[in-house]
Amino acid sequence: MTPFVRAAAAFLACGAALISCGTAPPAEPSTGTATTPGPAIEPSTATPAPRPTGTAPVRAERDDVGTALVTGVRFGRHAAFDRVVVDFDGGVPGHTVQWVSRLHQEGSGHPVDLKGGHALHIRLQPASAHTDDGTPTWIGTPVTGSGGLTGIVKVGDFEGIVGIALLSDDVRGFEVQELSAPPRLVVDVAH
């Protein structure tokens with residue numbers, strides 16, 4: 001092999017290695033205080049991740065954990081999806097995440113206004129979104145800009161069940177991830 005061919009092969013191998021490494025994901029911001037919304041999740045400037053495509057319900061049961069405390073719900077808009085992060089004290093509880101066209105408040109049974117659309121309903125159990133003295137730890141999270149989600153509302157905090165509705169004008173692909181240190185549930189919803 002000539003020196004030129006060896007040099008070209010080494011150059012191509014290094015370039016392929018750099019491309020396959022990609023870029024590191026941005027650091028996730030810290031959570032906010034219990035009674036105020038946490039900081040927004042900054043959009044990534046790296047190559048956009050693929051849009052989530054699944055619409056089937058996601059379920060995870062937890063029989064071995066105590067009641068998790070919801071300490072905040074954060075929102076971030078990315079190029080191909082919206083990200084919602086639910087922060088916990090005490091671990092990630094059992095959860096069901098599914099699209100619904102009608103929804104009622106936990107406890108009261110009052111209908112939730114879905115603004116003429118759908119909701120990706122996150123049902124957390126065992127969980128609470130209030131302290132022992134009844135002070136709410138999360139009330140709601142603003143949604144800004146245009147994308148897949150039009151609103152995020154609390155739809156329940158009753159007898160160990162917390163409900164969160166991610167409002168949308170249509171059923172969209174989504175993906176759910178459980179992360180630790182700190183414990184959190186990440187839900188990505190396609191635009």
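Colleague: In which sense do S5 and S9 pair, and over how many bridges?

Modeller: Strands of a sheet pair through backbone hydrogen bonds, either parallel or antiparallel. In this predicted model, strand S5 (residues 118–125) and S9 run antiparallel and share seven bridges. His-118 stands opposite Ser-168 in S9.

Colleague: Which strand pairs with S9 over seven bridges besides S5?

Modeller: Strand S8 (residues 151–158) pairs with strand S9 (residues 161–168), again in the antiparallel sense and over seven bridges. Two facing pairs help to fix the register: Phe-158 is opposite Ile-161 in S9, and Lys-154 is opposite Ile-164 in S9. The S8 and S9 hairpin has two residues between the strands, and Glu-159 there takes a positive phi near 50°.

Colleague: What is the strand order of the whole sheet?

Modeller: The order is S1-S4-S5-S9-S8-S7, an open sheet of six strands with antiparallel pairing. Strand S1 (58–60) and S7 are the edge strands, since each pairs on one side only.

Colleague: How should I read the side chains of S9: which point one way and which the other?

Modeller: In a regular strand the side chains alternate between the two faces of the sheet. From S9, Ile-161, Gly-163, Ala-165 and Leu-167 point one way, while Val-162, Ile-164, Leu-166 and Ser-168 point the other way. Both sets are buried, so eight of the eight residues of S9 are covered.

Colleague: Which residues have the most contacts inside the largest nonpolar core?

Modeller: They are Val-70, Leu-124, Ile-164 and Leu-166, in a core of 25 residues. Strand S2 (68–77), strand S3 (81–89), strand S4 (94–100), S5, S9 and strand S11 (184–190) each supply at least two residues of this core. S2 gives the largest share, four residues. A second, separate core has eight residues, among them Leu-103, Ala-119, Val-155 and Leu-167.

Colleague: What does Ile-164 touch, leaving out residues up to four places away in sequence?

Modeller: Its partners are Val-73, Val-86, Leu-120, His-121, Ile-122, Leu-124, Trp-138, Ile-152, Val-153 and Val-155.

Colleague: Now a loop residue: is Ile-139 buried or exposed?

Modeller: Ile-139 counts as exposed because its relative accessibility is 61%, and the cut-off for exposed is over 50%. Ile-139 lies in the loop between strand S6 (127–128) and strand S7 (140–141). Its C-alpha atom is 9.7 Å from that of Val-155, a residue 16 positions away along the chain.

Key:
Residues are numbered from 1 along each chain as its sequence is written. This is a predicted model: local features need pLDDT of at least 70, side-chain atom pairs count only at pLDDT 80 or more; totals for chains, interfaces and linings use all residues. Side-chain values use heavy atoms; hydrogens and water are left out. Buried means under 20% relative accessible area, exposed over 50%, partly exposed in between (1.4 Å probe, protein chains only). Two strands pair if DSSP finds at least two bridges between them. A nonpolar core is a set of buried Ala, Val, Leu, Ile, Met, Phe, Trp, Tyr and Cys residues joined through side-chain atoms within 4.5 Å. Contact means heavy atoms within 4.5 Å.
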